[in-house]
Amino acid sequence: MDAPDMSSFPIAQYFLGGYLSKSEDSTNFPKDDLPGVLARFETLFTNVLSSLSLSREQLKRRPEFNFDSGDAANLEGGIAILRVMEALRLDGFADVALVSPRKGEQGADITCTRAGSKICLEVKAVTKQSRGRDGLFYEEQLYEKVREQVGKAARQLAASGEALGCNIKLIAFVVNWFEQSILLVESDYQQIVNKLERHGDTESLNGVDGVLFVTKMGQRFLFLNERGKQIDV
């Protein structure tokens, strides 16, 4: 399939042209809003490259940001990391940086600083390719999906946090589900975190100091435990 005309969006074309030539992805790139979607990607890529002081070639050399395979899950996972980096920048976190993974290990995706603390973040995407369980309210659907991922994320943070010298560990969930993003409010996300804290087994928030939600609509909700509140300035 031929990629759409992206000449007005050169940075988005560099990262997404190969993907769109191989994948007819109407979910992430609806034809009736394609210019708007590409404009938002152009802004995101431009802002992240500027804040990281990286060239587009340097960023694309990292496999999580090379989308030429046409794999939708890889696209949403990589874009989720970039969206969290932009959210951190907008919320006043400093020294936002990508973590260079050590061979054969999985760990944090991002480090940053705030209020004298070094922070590690593991990013998980609630992708459009997934769906909530039928018969549950929207909050419950999202809770179940988050719970599926939180244990692995906590273990990844534990494995890399000490090596990176981080004293605060956060999990960031990028919520790409449309209904949850437009209908759930801050108190709903707080309830999800409360349930995770009460869960108390290997799928809980043990060792994690906070949870950041970034919604499809750009809302940002950060919930911190007592230790994490040292960065709440």
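Is phenylalanine 29 buried or exposed? Select Phe29 and find out: phenylalanine 29 is buried, with a relative accessible area of 5%. Here, buried means under 20% relative accessible area, exposed over 50% and partly exposed in between, with a 1.4 Å probe and protein chains only.

Before moving on, a word on the model. This is a predicted model, in which local features need pLDDT of at least 70 and side-chain atom pairs count only at pLDDT 80 or more, while totals for chains, interfaces and linings use all residues. Residues are numbered from 1 along each chain as its sequence is written, and side-chain values use heavy atoms, leaving out hydrogens and water.

**Stop 1: helix α1**

Now select residues 10–22, which make up helix α1. Helices (H or I, at least four residues) and strands (E, at least two) are DSSP runs, numbered from the N terminus. The 13 residues of α1 should span 18 Å at 1.5 Å a residue, and the end C-alpha atoms are indeed 18 Å apart; the expected span is 1.5 Å times one less than the number of residues.

Centre your view on leucine 16, where α1 has a kink of about 55 degrees. That bend is the angle between axes fitted to the seven residues ending there and the seven starting there.

Next, colour the buried residues of α1: Ile11, Ala12, Phe15, Leu16, Gly17, Tyr19 and Leu20. Show α2 (34–52), α3 (56–60) and α4 (72–90) too, as they are among the elements that cover these residues; contact means heavy atoms within 4.5 Å.

**Stop 2: the aromatic rings**

The structure holds nine aromatic pairs. Rings of Phe, Tyr and Trp (its six-membered ring) pair if their centres lie within 6.5 Å; planes under 30 degrees apart count as stacked, over 60 as edge-to-face and the rest as tilted.

Go back to Phe29 and add Phe41: this pair is stacked, at 5.6 Å centre to centre with 25 degrees between the planes. Phe29 sits in the loop between α1 and α2 and Phe41 in helix α2, 12 residues apart. Phe41 also counts as buried, at 13% relative accessibility. To see one whole aromatic cluster, select Tyr14, Phe15, Tyr19, Phe29, Phe41 and Phe45.

**Stop 3: lysines over rings**

Stay with Tyr14 and show Lys60, which lies over the face of the tyrosine 14 ring, 4.7 Å from the ring centre. A charge sits over a ring if NZ of Lys or CZ of Arg is within 6 Å of the ring centre and within 35 degrees of the ring normal. Finish at Tyr143, where Lys195 lies over the face at 5.3 Å from the ring centre.
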